Amino acid sequence: MVNKYTVEQVATHNSESDCWVIIHDKVYDVTNFLKEHPGGKKVLLKASGTDATKQFDAFHNSGVLAQYGPGLLIGEVGTGQEDNSEEEEEWKTSPVAFGDPMWQTLDSPYYKESHKALRTAVRNFVDKEITPYCHEWDEAKQLPMAIFKKVAEAGILGCVVGKVDPELMPYDLPGGFNKDELDPWVSLVTVDELSRCGSGGVVWSICGGLGIGLPPIIHFGSDYLKKKVVRDCLAGDKVICLAITEPTAGSDVASLVTEARDEGDHYIVNGEKKWITNGVFADYFTVAVRTGEPGFNGLSLLLIERNMPGVSTRQMKCSGVWPSGTAYVTFEDVKVPKENLIGEENQGFRLIVSNFNQERFGIIIQATRFARVCVEESLIYANKRRTFGKRLIDHPVIRNKLGHMIRQVEATQAWLEALAYQAQQMEPEEQALRLGGPIALLKAQSTQTFEFCAREASQIFGGLSYTRGGQGEKIERLAREVRGKPTITEYYTIPGGSEEVGFGKAINRIDLNTI
Ligand code: HEM
């Protein structure tokens, strides 16, 4: 049931004690918000009783209304009669071209109607429950625990770990997607939609550990381990992470030294793990340990539990992805029963390496969408911001930037979809053998595209890209997250006239021959 008000009715609410505004055809009572408004009381009062859409769009990002709107919304512009019609769930795409992958506006051979329904359900959830709070969670460097349960109940966790036995899935999948038909497009669509929130830290917090820590158990774990862990993790009741990297060995997996000494029916584990995503709050750790000879033939995977004596974690101070709980983990004489061995003893290397493909595929999806977020935000901003008498988008130097950003994002998306299709045609063993190389190359393509787009978007947003929150919120955060450099680039390339403005001036002088 939605209250409808005429423009004339709204116009009568135009004072400090009774202040309404219209924004995008919705009516907000901002009387009690006046003194809290971060932009000040005066600007809001000046707009009272009017349609303030244009001014609003000029100063805010779209997340502001999603966060504050529900508490202030009182109705819509209409006939003044009460209307009982329910809002229909419709297929919504970005307001700008290239703001969504092409399959969402044109044809594609890959996606079925069921993928579209999945996409709509995840998008609605993310728009309402995640995006409006990313800034708050990033600043707090953590997510409220309740959100993990909400995400699980929405069925989203079941979509980010690859194929799972439907019996082990606690909730229905988003959009009614059939649990028996899980395919690579499901994780592609879901992670892509999650990443629209524009926060690597939030995406990693929600599924960074799960997406790489759970698959080894799903694919290689005993029935005992599957029953113990999978359902609870997909239900959002327990958190799992992957612990491979050590202070002295990361991608060079064969050099790992964390030791699991055989003591008959259990192992005694000693060692350190570093940069472990979700490690700060995880209940379970899928850990690479040395059970045998040096090199890759002596490695195993073990499930270690937080409540086992000798396990401790501390939060690491990182330059980006703040809420993801990056941990330094120590194992000191931890007694781990042999039932917690994942796969066979000394056969861990193969498991770890095949899991890398899954991890890289997830990173590719995120990086490609984050690059697209840079395109989308830049296009929206460039269409409204005016400099030197015209919109940013009308300056050739800005159009050139946008063109290069878009061509890279679209090329990366096309390769991503081509590889997802290949993965769909292969059994997991063949995937590991034949797709490892292309996936590694595509990862470099996607992260370099993301890095390029984050830099160019920062230049387009100017000063807004080096203040946390507000209109440049997503761009500032993504630029900080893509390389982990805290906006060093922006501090020096934007003030004093951005590079683009400076270039324009210099070239003008060359034209005039007045250097
Ligand atoms: C429902 C109505 C509104 C809400 C919930 C709201 C909320 C906010 C919030 C949360 C901020 C700080 C974050 C940000 O910069 O994005 C802000 C800043 C601001 N708002 Fe609003 N606002 C509303 C309406 C308006 C209107 C109608 C105007 C202008 C007529 C306005 C002008 C401004 C200005 C100038 C700033 C400061 C921007 C800056 O720091 O660059 N707001 N508002």
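**Helices, sheets and a ligand shell: a short walk through the model**

Let me begin with a pair of helices: the axes of helix H12, residues 348–384, and helix H15, residues 436–461, come within 8 Å and cross at roughly 25 degrees. What I am showing is a predicted model, so please keep that in mind throughout. Angles under 35 degrees count as roughly parallel, and H12 and H15 are therefore roughly parallel to each other. As for the hand of this crossing, H12 passes H15 in a left-handed one, and if we sort the residues of the contact between H12 and H15 by class, we find 19 nonpolar, seven polar and three charged.

Staying with H12, we can turn to another neighbour, helix H13, which covers residues 396–425, and here the axes of H12 and H13 come within 10 Å and cross at roughly 150 degrees. Angles over 145 degrees count as roughly antiparallel, and this is why H12 and H13 are described as roughly antiparallel to each other. The crossing of H12 and H13 is left-handed.

Let me move now to the strands, starting with the sheet whose strands carry the lowest numbers. In what order do the five strands of the open sheet lie? The order is E1-E5-E4-E3-E2, and the pairing within this open sheet is mixed. Its edges are strand E1, residues 4–5, and strand E2, residues 14–15, each of which pairs on one side only.

Within that sheet, E3 and E4 pair in the antiparallel sense over four bridges, and one of the partnerships to look for on the screen is Val21 with its bridge partner Tyr28 in E4. The hairpin of E3 and E4 has two residues between the strands, and in this hairpin His24 takes a positive phi near 50 degrees. On we go to strand E4, residues 26–29, which is joined by three bridges to strand E5, residues 73–77, with the two running antiparallel. Here Lys26 stands opposite Glu76 in E5, while Val27 stands opposite Gly75 in E5.

Further along the chain there is another hairpin, in which strand E7, residues 259–262, and strand E8, residues 266–276, run antiparallel and are joined by four bridges. Ala260 has Val269 in E8 as its bridge partner, and in the hairpin of these two strands, which has three residues between them, Gly264 takes a positive phi near 90 degrees. E8 is also joined to strand E12, residues 327–337, by eight bridges, and this pair again runs antiparallel; there, the bridge partner of Gly271 is Phe331 in E12.

I would like to finish with the ligand. Which of the 22 residues around the ligand come nearest? They are Pro38, Gly39, Ala52, Gln55 and Gly470. If we ask instead about elements, those that give two or more residues to the shell are strand E3 (18–23), helix H2 (41–46), helix H3 (53–59) and helix H4 (63–72), and E3 is the strand that we have already met in its antiparallel pairing with E4. By class, the residues of this shell divide into 14 nonpolar, eight polar and no charged.

Where, then, does the ligand lie with respect to domain 1 and domain 4? Both domain 1, residues 4–77, and domain 4, residues 361–512, give residues to the shell around the ligand, so the ligand lies between them.

Technical notes
Residues are numbered from 1 along each chain as its sequence is written. This is a predicted model: local features need pLDDT of at least 70, side-chain atom pairs count only at pLDDT 80 or more; totals for chains, interfaces and linings use all residues. Axes are lines fitted to C-alpha atoms, for helices over the stretch in contact, and angles run from 0 to 180 degrees between N-to-C directions. Angles under 35 degrees count as roughly parallel, over 145 as roughly antiparallel, 65 to 115 as roughly perpendicular and the rest as oblique. A crossing is left-handed if the near helix is turned anticlockwise from the far one by less than a right angle, and right-handed if clockwise. Ala, Val, Leu, Ile, Met, Phe, Trp, Tyr, Cys and Pro count as nonpolar, Asp, Glu, Lys and Arg as charged, and the others, Gly among them, as polar. A residue is near a molecule or strand if its C-beta atom, placed from the backbone, lies within 6 Å of it. Domain bounds come from an automatic or database domain assignment. Two strands pair if DSSP finds at least two bridges between them.
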